[in-house]
Structures are given as structure tokens and as C-alpha cells.
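Please open the structure in your viewer and keep the sequence panel visible. The tour below goes from one selection to the next.

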Amino acid sequence: MLIRRPYDIKPSEITSQTLYRDRREFIRAAAALGAAGGLAAAGLLGPGQARSAEKLAGLKKSPFSTNETLTALESVTNYNNFYEFGTDKEDPAAHAGKLKTRPWTVKVEGEVKKPKTFDIEELLKLAPLEERIYRMRCVEGWSMVIPWVGYPLSELIKRVEPTGNAKFIEFHTLLDPEQMPGQKMPILDWPYVEGLRMDEAMHPLTLLTVGLYGQALPNQNGAPVRTVVPWKYGFKSAKSIVRIRFTEQQPMTAWEMSAPREYGFYSNVNPKVDHPRWSQARERRIGEFRKRETLMFNGYGDQVAGLYAVMDLKKNF
């Protein structure tokens, strides 16, 4: 038997660390999604684990939608980040079935003239629902194309009438470790907090979201209400929101507090600014193996670049 010593192996025969990691992640995702699809077909997934059966009627199509190929529903609902349910990509689908999304209220407060606590059913009827197909990019390097259902966040903002002091909006996710077992671990300083500048929140692309693929949001995707901000990395889109607060000062977000060198307040998709531990120049669309070039502002530069025209996007990452 021929035994090859390390210095006998040509450099060209050694798989690069990056390629090895990408292949491993691709195989892991494919295996997980295949298993989830089989369980769903067999009817073995619990409530909220695979998808919600509740259809959302009367949806209009949005001119803001991309015409790119949609990511498969099973991928969208079984491979995602929602650390309140665990850190593995499959954890949200595995553990989110315990989350009770009715009754549910969202408290809106702070620098507004008309503070109000909205029942989720009231939020659903606040404005006409529409379907928007958005590209979504994760800071870890993978991406999806998802048909979200919702309406512009600005519709809610206008109804509570922000004061002249309102410069930012702060979003709080539900804090309930019994329903969200990931909160029992000191991963972040719970509850999860995210924030936007007022002009970002008022932008027509920013969506208050209650569904995907024509049906109510599955628990693992942020039920019953979340935001979607498609030109920013995915963690900026707060899930399972229970509180919205208008502030004069820029809020400290959960990931900023945890790792300020790695996660800035703005977190715009920017292929020119690397994460400290990996490049952001390329991404892998779930369902594909080969990587593609990452687009500035996730491809929404024509719509949002003006928001940051006078900013240094390397400093304000």
C-alpha cells in the first residue's frame, strides 16, 4: 500500500479551506432540507415547524418584486437563522412549534403623538396586503429569493404620528424562554433588539411582514409579524415583534452589543466591506452550489443608495 506523506501531496491536490467549508455547508443544508421535506410529506412535523396552512387572500402583486427564481418553500422554512430557537440552521423549524402567536399584540410607543397597542388582527387589516418577491442576503454568505406578504412599514408609522424628535425606530422581539428555548442560552443579551433610521423605516421597500408564499408566516420565519429590509443583511429584519419604540437616539442593537467589530448598526449589503472573519464579495444562493457576485445594497442600489450618499459606508458598516 502506498502511503503518501504530507510533503508528497501537490498544492493543487489540496482542497482550499474556503471550498471545503462551502461544500460541507452545501451538503449539510441539502441533507437537512431533504429530511425536512420528507417529514413534511409524511405529516410528522408539528404546528409551525414546516409551514402554516393559513392562506392570505386578496393579495396584490408588487412592482417592487424581482423576477428571479424563487427559493423552494421547504428551504425557506427549514434553513434559517432565528437564535431564539437555537443556533443551528435547522433549530428554528425543530423548536418553533411551541410558539403561540394568538393572542398577540404589538406595543408602539416613544416619540409618537398616538401611542397604541395593536392586536395582530388589527395589524393585518391596517393596509392592503401585497406579495413582494425580495432577494435576501445573510451575513454568513448565503442568500434566498422569497415571496413575502405584507405592506410598507410606513403605513403603521403614519398612523402613530411620530414627533419631530423621532429619528430612529427600535424593534423588540418577544422575550419568553419557555417558548423560545434559545433565550435560555447567553448567546445575546435578550430580548433581541434591532433598529432603523427613520428614513430607512419609511422607505417603500421596508415591509411590515405577516406572511410568505401566500400564507401566514410560519413560526420559524418570525410569526406572526416581522420586518423585512431587503437591502440589509438578514439579521436587521426583526422577527416576532412585540414592541416598537420611536427614539431620538440611535438604539444599541443586539448584535452590536454582542460583537461591535463584526455587526454595525447599518449592516447594508456591501461586497466591498468584509466581515472581519470572511469576505462578503460573493454569496451562495440556496439551491445552487456555485457562488455568485454579491450586489451592492443586495441589488437595490437604485432605490436606496441616496439614503447614504454622504456617508462613509466602510466606517458606517
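The stops that follow are a sheet, the nonpolar cores and two single residues, all in a predicted model.

**The sheet**

Start by selecting strands β3, β2, β11, β6 and β7, and colour them in that order. These 5 strands form an open sheet, and their pairing is mixed. At the edges are β3 (116-119) and β7 (193-197), each of which pairs on one side only. From one strand to the next, the twist averages 20°.

Now zoom in on β6, residues 168-173. Strands β6 and β7 run antiparallel and are joined by 5 bridges. Which residue of β7 stands opposite Ile-169? Select Leu-196 to see the partner of Ile-169.

Add helix α5, residues 153-160, to the view. Helix α5 packs on the sheet and touches β2 (105-110), β3, β6 and β11 (241-247). The direction of α5 makes about 60° with that of β11.

**The nonpolar cores**

Next, show the side chains of Leu-123, Trp-148, Ile-244 and Phe-246. They have the most contacts inside the largest nonpolar core, which has 65 residues. Strand β5 (residues 142-152) gives the most to this core, with 6 residues. In soluble globular proteins, nonpolar side chains tend to be buried together.

Centre on Phe-246. Beyond its neighbours within four places in sequence, Phe-246 has contacts that include Val-108, Ile-157, Val-160, Phe-168, Ile-169 and Met-198. Ile-169 is the residue already seen opposite Leu-196.

Then select Val-139, Ala-254, Tyr-263 and Val-269. These belong to a second, separate core of 12 residues.

**Glu-283**

Move to strand β12, residues 282-285, where Glu-283 is placed. Is Glu-283 buried or exposed? Its relative accessibility is 2%, so Glu-283 counts as buried.

Show the side chains of Arg-137 and Ser-143 as well. The side chain of Glu-283 makes a polar contact of 2.7 Å with that of Ser-143, and another polar contact, of 3.3 Å, joins the side chains of Glu-283 and Arg-137. Leaving aside neighbours within four places in sequence, other residues in contact with Glu-283 include Gly-141, Lys-291 and Leu-295.

**Gly-222**

For the last stop, select Gly-222 in the loop between β9 (215-216) and β10 (226-228). Gly-222 counts as buried because its relative accessibility is 0%. Apart from neighbours within four places in sequence, Gly-222 is in contact with Phe-82, Leu-217, Lys-239 and Ser-240. To finish, draw a distance from the C-alpha atom of Gly-222 to that of Thr-209: these residues are 13 apart along the chain, and the two atoms are separated by 8.9 Å.

Notes. Residues numbered from 1 in each chain as written. Predicted model: local features only at pLDDT ≥ 70, side-chain atom pairs only at ≥ 80, totals over all residues. Heavy atoms only, no water. Helix = DSSP H or I, 4+ residues; strand = E, 2+ residues; numbered from the N terminus. Buried < 20%, exposed > 50% of the residue type's maximum accessible area, 1.4 Å probe, protein only. Polar contact = N/O pair within 3.5 Å; in protein donor to acceptor, adjacent residues only side chain to side chain. Contact = heavy atoms within 4.5 Å. Pairing = 2+ DSSP bridges. Axes fitted to C-alpha atoms, helices over the stretch in contact; angles between N-to-C directions. Core = buried A, V, L, I, M, F, W, Y, C linked by side-chain atoms within 4.5 Å.
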